[in-house]
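Here are a few friendly notes to read alongside the model. Keep the 3D view open and follow the points one by one.

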Amino acid sequence: MTKPPSGPAADALARIEAELGGALGPPPGPAELAALETACAGDPERLRRWLKRRLAGEPLAYILGWLEFRGLRFAVDSRAYITDPELTHLVDAVLNRVRTLPAAAGQGPLLAEVGVGCGSLALALKRALPAARIVGLDLHPGALALAASNASAHGLELRLVESDLFESWPADLPPPDLIYGDPPWGDAASLYAEDRPAAHYLAMPAASAFPIGGRTGVHSQILRAVAARGWASEIWLNGGILSPDELRAAAAAAPECEIVAAAPRLSLLRCRMAK
Ligand SMILES: C[S@@+](CC[C@H](N)C(=O)[O-])C[C@H]1O[C@@H](n2cnc3c(N)ncnc32)[C@H](O)[C@@H]1O
């Protein structure tokens with residue numbers, strides 16, 4: 001039998017529930033209660049305020065002001081998407097691939113993250129591949145400001161550019177060796193419902209969570225933009241729980257395309273648009 005959660009956060013939750021006459025909707029689980037309790041460091045008023053925010057559907061990471069990804073802590077707030085933990089598989093795939101790329105004389109590989117958000121993926125990669133040059137592109141200046149402060153907090157270098165896809169790609173750089181990213185994908189039917197209900201995504205900047213142009217619309221736009229530039233970069237994009245057929249259709253124009261099942265609920269799309 002599972003023991004009900006106990007401790008100050010569980011007690012505060014029970015009090016709120018009693019005051020409001022029960023039926024609060026799904027309560028935070030034991031791990032979330034523990035995180036809130038630790039972050040509130042014995043301040044019962046703050047704990048109560050933060051619990052109420054959580055009960056109203058605000059994502060835990062926005063309340064705490066940080067998220068953890070691959071053992072690193074990153075500042076995050078409502079200016080940026082909350083990195084999905086399963087994206088660790090995309091980072092592993094990129095790491096494995098970059099380690100096999102032929103080294104250019106005197107220079108590390110050039111990587112581009114399309115949709116860098118708070119910088120979590122790019123900084124995890126930079127930490128593992130110190131020689132890599134990484135450019136993070138994003139539509140949102142607020143997300144880029146967070147990525148810049150996360151880079152500086154970790155003492156890691158990223159080049160950050162406010163850009164619609166590759167429109168503002170730095171003129172002093174050649175095409176990237178490898179492009180990767182977690183473009184917004186799916187629709188209301190493709191939620192990770194257990195711990196990430198609709199409210200989780202609705203709290204985030206709309207363009208970070210919802211694709212423009214259909215479930216794979218941003219994937220197609222990225223691939224078309226790379227093709228239009230004639231770049232031969234290898235491309236790795238998260239496809240989440242979208243079906244291989246749907247992802248393959250989005251990449252129909254790619255001369256080279258493969259769907260990699262990286263984890264039970266995570267497909268990656270690997271493509272090249274030019275030789
Ligand atoms: C699902 S979020 C992923 C963010 C980050 N990679 C992470 O995992 O935390 C998608 C990101 O793509 C960005 N984005 C969406 N459309 C874009 C576009 N046309 N050009 C550049 N960035 C875009 C969003 O602002 C958002 O930061």
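1. Start with the sheet. In this predicted model, seven strands make up an open sheet with mixed pairing, and their order across it is β5-β4-β3-β6-β7-β9-β8. Try tracing that order on your screen.

2. Which strands are at the edges? They are β5 (159-162) and β8 (256-263), each of which pairs on one side only. As you move across the sheet, neighbouring strands are turned against each other by 20 degrees on average, with direction ignored.

3. Now look at the β8 edge. Strand β8 runs antiparallel to β9 (residues 266-272), and seven bridges join the two. A hairpin of two residues leads from β8 to β9.

4. Which residues face each other across this pair? C257 is opposite C271 in β9, and I259 is opposite L269 in β9. Finding these two pairs is a nice way to get your bearings.

5. Next come the helices. Helix α10 (residues 217-229) packs on the sheet, where it touches β3, β6 (178-181), β7 (234-240) and β9. The direction of α10 makes about 175 degrees with that of β7.

6. Finally, find helix α6 (residues 120-128), which lies across β3 (110-114) and β4 (133-138). How does α6 run relative to β4? The angle between α6 and β4 is about 180 degrees. Strand β3 is worth a second look, since α10 touches β3 too.

Methods
Residues numbered from 1 in each chain as written. Predicted model: local features only at pLDDT ≥ 70, side-chain atom pairs only at ≥ 80, totals over all residues. Pairing = 2+ DSSP bridges. Helix = DSSP H or I, 4+ residues; strand = E, 2+ residues; numbered from the N terminus. Axes fitted to C-alpha atoms, helices over the stretch in contact; angles between N-to-C directions. Contact = placed C-beta atoms within 7 Å.
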